Amino acid sequence: MATQNYYDVLGVAKTASASDIKKAFRQLARKHHPDAGGSEEKFKAINEAYEVLSDDAKRKQYDEYGQYFGEQGPPPGYGASSTGPGSSRGGAGAPGPGGFGGFGGFGGAGGPGPGGVPGGVSYQQVDMDGVDLNDIFGSMFSGAGDSGGRFGGFGRGQQGPQRGQDYTLETDVTFDQALNGTKIKVTTPEGKDMTVNVPAGATDGGKLRFKGKGGPGGQGAPRGDLYVKTHITKHPHFSRDGANVVLEMPLSIAEASLGTEVTVPLPAGGKAKLKVPAGTQDGKVFRMRGKGAPKLKGSGSGDLLVRAQVVVPKKLTKAQRTALEDFAAADKTTLRKW
């Protein structure tokens, strides 16, 4: 017997299309899967509902039989015996119209169905009709240490030895080490020392993968992988934006207004002159192409982005105040439009 209204379980109308049903199932499956912190009972109910409503024949039978869908024996109102001579409906295991025989080979919620199939619909056994739950949950459980989480091929259960657990280590590198590349020593969770080559242009939060350097697999299965995550320590002048390097350039009101030439430091060492035009606004970005960090993918380097910061003095000397007052008296510009 269908103990719940399958349409209500999936949150769709009885007239819902096949695509609407599949969409609703995907959303609910992500939300309620036990490995995502959901209820196993709720997840099984969602799978049971989808297994029926995604199959045209079973959905038609469900719409006809309602809550008695899948019960072994005739629903009330269909005669004292639906298996006797002249009966048009099958009993337990006996096919009726369209081959219906008590949930078409699936048991009810409480006991074994026809042919010895266990009662209820277990999410390990449901045919998802083209919905790949490994694809749905793969991103949620990647790196769980057993080749894609606990699924091992959804619908089939775990088979054979499981690959080893993946390890993730975190390490700090200086701005210059990340820019130019370096070698660092790390200790794995198993207590083994190893040397890691950090490539030139390494980014903050980037991961280096070392295949087969993780935990041992069971019964000869492959080892897991080791990931080394890099964190770039703060630099007094530069910051990173991918392969681009950002430099904040303070300017006085006079420099921004009248224009000037500034000597700026370069990430790789050395200096370069940058012309600042008159009327430069706060936040203006000057791009020095190819003066950034090496690109991890492809050739060449990113750019050096020099961002103007117009600094307003907190205190003025007498001469500065007099000069600004003269400027204010001469300035007829109206900035506010309200």
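This passage describes the confidence of a predicted model, the pairing of three of its strands and one nonpolar surface patch.

Across the chain of this predicted model, the pLDDT averages 78, and 71% of the residues reach a score of at least 70. Confidence falls in residues 77-130, where the pLDDT stays under 50, although the model places 93 contacts beyond four places in sequence for this segment. The stretch of residues 138-157 likewise has a pLDDT below 50, and 36 contacts beyond near neighbours in sequence are present there in the model. Where pLDDT is low, the predicted coordinates should not be read in detail.

Strand 11, which spans residues 304-311, runs parallel to strand 7 (residues 244-252), and the two are joined by eight bridges. Within this pairing, V245 is placed opposite L304 of strand 11. Strand 11 is also joined to strand 10 (residues 285-288), in this case through four bridges and in an antiparallel arrangement, with F286 standing opposite V306 of strand 11. In a regular strand, side chains alternate between the two faces of the sheet.

On the surface, a nonpolar patch is formed by L316, L324 and F327, which together present about 270 Å² of accessible area. Of these residues, F327 belongs to helix 8, which covers residues 318-330. F327 is classed as exposed because its relative accessible area, 53%, lies over the 50% cut-off.

Methods: Residues are numbered from 1 along each chain as its sequence is written. This is a predicted model: local features need pLDDT of at least 70, side-chain atom pairs count only at pLDDT 80 or more; totals for chains, interfaces and linings use all residues. Side-chain values use heavy atoms; hydrogens and water are left out. pLDDT is the predictor's confidence in each residue, from 0 to 100. Contact means heavy atoms within 4.5 Å. Patches are made of residues with over 30% relative accessible area and no salt bridge: like charges are joined within 9 Å, nonpolar side chains (Val, Leu, Ile, Met, Phe, Trp, Tyr) within 5 Å. Accessible areas come from the Shrake-Rupley method with a 1.4 Å probe; for residues, only the protein chains shown count as cover. A salt bridge is a side-chain nitrogen of Lys or Arg within 4 Å of a carboxyl oxygen of Asp or Glu. Buried means under 20% relative accessible area, exposed over 50%, partly exposed in between (1.4 Å probe, protein chains only). Two strands pair if DSSP finds at least two bridges between them.
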